[in-house]
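What follows is a short walk through one protein model. Please look at the sequence and the structure before reading on.

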Amino acid sequence: MNDKQLDAEDRWLHQQFSQALPELPDNGFSEGVLRRIRHRAVLRRSLPVVALLVGAGIVAWPAVELLGVLAQHMTVLGQLDWQEVIAANKTVVLGLLLGLASPLLVAMLED
């Protein structure tokens, strides 16, 4: 606190105690503590960023390969006759449609 925030009684107490207690020698202890605190704060801020960059680097190579493989499969999927595929797998298609529609139907029944 500074002197502007202290009322008269607090200023009087501060004056009495400051006269009774001499300044203790610091010998650089406070600066050492502050240096360690700053160092730890920098580590706490930088370690997640470094971990994120390392993780992104580890994931990048397989992700690029996966995208290449998906691009190759997309050309194959574009060449399929979808009407024929759906006609051959009507049960699977109906099951997927019912599975997608069931949360909506349950929500309508609850109301």
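## A nonpolar patch and its surroundings

Five residues, Met74, Leu77, Leu80, Trp82 and Ile86, form a nonpolar patch on the surface, and together they have about 480 Å² of accessible area. The model that shows this patch is a predicted one. Two helices, α2 and α3 (82-88), each supply at least two residues of the nonpolar patch. One of the patch members, Met74, is found in helix α2. Met74 counts as exposed because its relative accessible area is 55%, and the cut-off for exposed is over 50%.

Helix α2 covers residues 29-78, and Arg36 is found in it. Arg36 also belongs to a second patch, this one positive, which is formed by Arg35, Arg36, Arg40 and Arg44 on the surface. With a relative accessible area of 47%, Arg36 is partly exposed. The range for that class lies between the limit for buried, under 20%, and the limit for exposed, over 50%.

Charges can also be viewed for the chain as a whole. The protein chain has 9 positive and 12 negative charges, and the mean positions of these two sets are 11 Å apart.

Next comes helix α1, which spans residues 8-20 and contains Leu13. Leu13 is partly exposed, as its relative accessible area is 33%. How far apart in space are Leu13 and Gly55, C-alpha to C-alpha? The distance is 57 Å, for two residues that are 42 residues apart in sequence.

The view can now be widened to the full fold. The protein chain has 4 helices and 0 strands, and from the N terminus on its elements run α-α-α-α. Why is the protein chain described as more spread out than a compact globule? Its radius of gyration is 35 Å, whereas the globule rule gives 13 Å for 111 residues; the value is well over the rule, so the chain is more spread out than a compact globule. Along the principal axes, the C-alpha atoms of the protein chain fill a box of roughly 95 × 50 × 20 Å.

The last point is the surface and what lies under it. Buried residues make up 2% of the 111 residues in the protein chain. The accessible surface of the protein chain comes to about 10,600 Å². Of this surface, 68% belongs to carbon and sulfur atoms.

Conventions. Residues numbered from 1 in each chain as written. Predicted model: local features only at pLDDT ≥ 70, side-chain atom pairs only at ≥ 80, totals over all residues. Heavy atoms only, no water. Buried < 20%, exposed > 50% of the residue type's maximum accessible area, 1.4 Å probe, protein only. Patch = residues over 30% accessible without salt bridge, like charges linked within 9 Å, V, L, I, M, F, W, Y side chains within 5 Å. Areas by Shrake-Rupley, 256 points an atom, 1.4 Å probe, with all protein chains shown as cover. Salt bridge = Lys/Arg side-chain N within 4 Å of Asp/Glu carboxyl O. Lys, Arg positive; Asp, Glu negative; His and termini not counted. Charge placed at Lys NZ, Arg CZ, Asp CG, Glu CD. Rg over C-alpha atoms; globule rule 2.2 N^0.38 Å.
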